[in-house]
Amino acid sequence: MNCTPIPIVSFFSGGGFMDMGFEKSGFHVVYANEFNDVFADIHDEGISTWAKFNHKKACLITSRESILSLNPNQILKEAFPDGIPHLWGIIGGPPCQDFTLNGRGDGFDGERGKMTYIFYNRIKKMLPPFFVMENVIGLLRQKHKQILDTMLFELISKDYYLDRKVLNALEFGVPQYRRRVFLIGLRKDAFRIKTDKESSIADICSFNFNWPKAKYPNAYRKYAWPEKISFGSTNVVKPQEIPEELCVASCVENLGGCANTDEFLSFKKDAESRKLIDEGDIRRRSFKRLHRYRYSPTTCFGNNEVFLHPYENRRLSVREALRIQGVDDSYELKEGRLGSKFKVIGNGVPVPLAAAVASSLKDYVNEFLVI
């Protein structure tokens with residue numbers, strides 16, 4: 001088995017959450033791209049401290065240009081100055097706002113939706129031995145899925161074995177209900193995979209990848225999650241059967257010196273009215289108050305969507321939101337830019353989920369790579 005970290009190129013890197021998951025599982029990011037300057041700054045701050053703490057070489061944002069203007073050959077030269085290795089890959093989560101269930105639904109016609117096509121176009125031109133894409137499940141809604149599958153079929157199915165699966169972060173030890181679709185591609189000439197199936201527009205999947213097994217299968221329905229309670233309730237007891245790491249309480253307690261002081265700003269207005277929002281009342285467009293012994297709904301901070309602390313009359317801090325995404329406390333950010341921080345966090349891939357996919361991928365490529 002290959003013990004050397006497998007190099008990867010990361011597009012749409014955001015805060016680097018997906019990258020951290022892959023780094024934890026035997027990969028190393030050698031090139032990272034993030035077009036938004038503020039997001040790129042946040043990425044570099046967090047990744048620098050995280051990498052130092054975990055004794056890893058930090059890959060800071062290599063390029064802040066739009067993927068539209070990046071030359072594939074130039075990317076390869078910058079990523080691999082000593083020559084392209086025989087095993088490397090591309091990972092990324094193109095902007096998803098045009099596919100979200102709560103979005104405008106512009107799909108591939110939207111400016112952000114077009115980035116999915118560009119992502120696959122770069123794969124076609126760069127031909128990595130493998131790639132991984134993550135996105136919202138809205139991408140598989142019928143009106144988008146047909147276009148996506150046609151795109152995959154015409155652009156890359158000739159060169160790649162493809163498989164995809166919807167995974168829920170909650171089942172992988174993350175205290176958050178977050179369902180995302182992952183698509184994995186393995187270049188046909190690089191792997192010895194026995195399959196009689198060919199990709200088609202009707203079914204783009206052409207092989208069966210060994211997807212990671214859930215740590216808590218069917219967690220959403222398996223446990224008797226508590227109902228909402230009045231804000232300020234005391235003597236609240238965690239149901240014994242529910243794993244502690246699936247509860248928001250694991251993210252909002254024992255903060256110590258992990259949070260910046262500007263994260264605990266009290267409400268400037270309507271502070272008293274916020275107390276009327278029950279603990280566990282998440283059926284709201286904004287100001288959803290989490291329950292200490294339940295999981296969080298999908299984080300999608302921004303556009304005035306705010307999550308409230310279970311039993312303190314304030315919003316979640318940045319550190320608490322990071323923990324809900326499975327980001328450990330070594331990922332440190334400077335004070336300020338709260339709105340941008342929350343957007344970066346809400347856009348990210350939960351680190352434990354990314355790590356689980358990456359671990360299965362590493363085992364698979366080591367087993368089936370053509371020697």
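Contact is taken as heavy atoms within 4.5 Å, and helices (H or I, at least four residues) and strands (E, at least two) are DSSP runs numbered from the N terminus. The structure is a predicted model, in which local features need pLDDT of at least 70 and side-chain atom pairs count only at pLDDT 80 or more, whereas totals for chains, interfaces and linings use all residues. Residues are numbered from 1 along each chain as its sequence is written, and side-chain values use heavy atoms, with hydrogens and water left out.

In helix α10 (residues 338-347), the buried residues (under 20% relative accessible area, 1.4 Å probe, protein chains only) are K341, F342, V344, I345 and G346. These buried residues of α10 pack against α1, α2 (37-53) and α9 (318-324).

Helix α1 (residues 17-24) also packs with helix α11 (residues 351-368), at an angle of about 45° and with the axes 7 Å apart. The two helices are therefore oblique to each other, a class that holds angles outside the ranges under 35, over 145 and 65 to 115 degrees. On the α1 side F17, M18, M20, G21, F22 and K24 take part, meeting V351, A354, A355, A358 and L361 of α11; this set divides into nine nonpolar residues, one polar and one charged.

The largest nonpolar core, a set of buried Ala, Val, Leu, Ile, Met, Phe, Trp, Tyr and Cys residues joined through side-chain atoms within 4.5 Å, has 39 residues, and F22, F191 and L361 are among those with the most contacts inside it. Helix α11 gives the most to this core, with nine residues. Leaving aside neighbours within four places in sequence, F191 is in contact with L87, P129, Y161, L186, V365, F368, L369 and V370.

Methods
Axes fitted to C-alpha atoms, helices over the stretch in contact; angles between N-to-C directions. Nonpolar A, V, L, I, M, F, W, Y, C, P; charged D, E, K, R; others polar. Buried < 20%, exposed > 50% of the residue type's maximum accessible area, 1.4 Å probe, protein only.
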